[in-house]
Structure formats: structure tokens, C-alpha cells
Amino acid sequence: TKRDGAFPFSIKNPKKQGILNKSGGKGLKKNWRQRWFVLTEEKLYYFTNDSATEAKAEILLKHYVCVPHSGKKKFTFKLCSQDKVKSAKEYFLRAQSEDDMVSWMQSINECSQHKSVDTKYGFGQFRKEYSVYVRISEVRNLKKALDTYCTVSADQVVKARTTTIWKNSNPCFLQDFDFLIPPSANQIVVVLKEEKKKKPLGCLEVPLSDLVDDKPSE
């Protein structure tokens, strides 16, 4: 269900909105609560529910990056500091499904990347970044049928994650990803992992120099 007119006036044209479960509380009282999240180009807001008009909190995305979290709860991911700011709070979020988790992670990282570039270089200043398109096709001839997925990273920052292919020795992912990376990035890394153990089964490293062509094209 999408909200239409209940947003505060300042929230316009949200990039994404929907239900996520958020981990909250302290110590032994830590629990999961369902919240309504609204994503914009700069911030991630969350509300008590989809009819609330006042956000419980807002997260400034320029400080954060989304990464998968290998906890006991399925479809969980983490918002953590991309600038290694010690005071930055970590957020643990859980989606309704694997496709939903992947969609939220991609959307948040896209907004976070765009904002961090603007903040770093300043308005009106020259800046250069690379848009990378990656297609994860298939893996063949695993020793046995496993539950597997792939992550795509740029210099140890996870940019994308495929859905999990269950019990298959020849998993076919056929997923496309498009994201921004800074010119300081050295390589793109695709890692095949086993769902249950979160264990790397294989790795492909591609130097950025193999992907970038500075020559003008017609």
C-alpha cells in the first residue's frame, strides 16, 4: 500500500516506500518492530505505520552504506557508516522477502552514493564518477546442489546482491545492476556465497582499469 497525501509537506516524490522490520531496544530487551519506511534522495525516514504523519526518525544517507547481515533472521541487512565514523549509529532492518531486501539495499545505496558525491565535491565543482553496469548470469558445475547468491562490491563496499537460488548445482541468476563508483575505486569483486553458511565459494576480481575507456566514442 502506498501513501498518497499523509506525508509531511517536506517529503516529496519518495524514491521508495514500504514496510521493514527494525531492530530496536537495548540488551536483552532488543526486539523487532514493524515500521513504515520512506526513502528520498537524501534521507531514509521511518514512521510507526503508513498513516502516521510524523516520522519517528530520519537517517541522513550521506554517512551510510547498506550491506547484507548474516544474522539468525532471514532477509536482514545493515545500515552502517561508510566513512568509518565511530559515532554513527548502525541500523538493522529486515525485509518481507529476499527480492524486497535486494530492492531496498540497491535503492538505499544508490541514494547514498549520489549524496556522498555531491557532499564531497560541493555544488558546482568538477566531479567525475563512473557508472558501472554488471550482469550476473550463471554459475555451472558446483560439486552439489546448494543455496547460493552473489554479491557485487567496489573496494569492499557491497553495491548489490542477487536473490538466492535454492538447491541448484547450476544456479542461473540473470540479474542486472547499475551503480556509481568513485574514480578512486580499484576493482569490482563478484563473490559467490552459500546462503546457510555465508561462506564464499568463488570470487571474480575485475580491475577498474579493464572497464574504463577514457577515449571519446561516437
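The legends below describe close-up views of a predicted model.

**View 1. The open sheet of 7 strands.** In this view, 7 strands form an open sheet whose order is 4-3-2-1-7-6-5, with antiparallel pairing. Strand 4 (57-60) and strand 5 (64-68) stand at the edges, and each has a single partner strand, so one side of each is left without a neighbour in the sheet. From one strand to the next, the twist averages 35 degrees.

**View 2. The pairing of strand 1 with strand 2.** Strand 1 (residues 16-24) pairs with strand 2 (residues 31-39) in the antiparallel sense, and 9 bridges make up this pairing. Gly 18 has Phe 37, a residue of strand 2, as its bridge partner. Phe 37 is buried, its relative accessible area being 0%.

**View 3. Two aromatic pairs.** The structure holds 2 aromatic pairs. In the pair formed by Phe 37 and Tyr 46, the ring centres are 5.3 Å apart and the planes stand at 35 degrees, a value that falls neither under 30 degrees, as stacked planes would, nor over 60, as edge-to-face planes would, so the pair is tilted. Tyr 46 is buried, with a relative accessible area of 7%, and Phe 37 is buried as well, at 0%. The rings of Tyr 64 and Tyr 91 have their centres 5.9 Å apart and their planes at 65 degrees, so this pair is edge-to-face. Because Tyr 64 lies in strand 5 and Tyr 91 in strand 7 (residues 91-94), the pair ties together parts that are 27 residues apart in sequence. Both Tyr 64 and Tyr 91 are buried.

**View 4. The hairpin of strand 13 and strand 14.** Strand 13 (residues 187-194) and strand 14 (residues 199-207) run antiparallel and are joined by 8 bridges. Within this pairing, Gln 187 stands opposite Pro 207 of strand 14. The hairpin has 4 residues between the strands, and Lys 198 takes a positive phi near 55 degrees.

**View 5. The largest cavity.** A search of the whole structure finds 2 cavities of 30 Å³ or more, and the largest cavity holds about 40 Å³ of space. Its lining consists of Gln 106, Asn 109, Glu 110, Lys 159, Ala 160, Phe 177, Asp 178 and Phe 179. Helix 1 (98-121), strand 10 (157-161) and strand 12 (172-181) are the elements that give two or more residues to the lining of this cavity. Sorted by class, the lining of the largest cavity has 3 nonpolar, 2 polar and 3 charged residues.

Definitions and conventions: Residues numbered from 1 in each chain as written. Predicted model: local features only at pLDDT ≥ 70, side-chain atom pairs only at ≥ 80, totals over all residues. Heavy atoms only, no water. Pairing = 2+ DSSP bridges. Axes fitted to C-alpha atoms, helices over the stretch in contact; angles between N-to-C directions. 1 Å grid on protein atoms, 1.4 Å probe; cavity = no way out; pocket = protein on both sides within 12 Å on 5 of 7 lines; lining within 4 Å. Points joined across faces, edges and corners; volume = space filled by probe spheres on them. Nonpolar A, V, L, I, M, F, W, Y, C, P; charged D, E, K, R; others polar. Phe/Tyr/Trp six-rings, centres within 6.5 Å; stacked < 30°, edge-to-face > 60°. Buried < 20%, exposed > 50% of the residue type's maximum accessible area, 1.4 Å probe, protein only.
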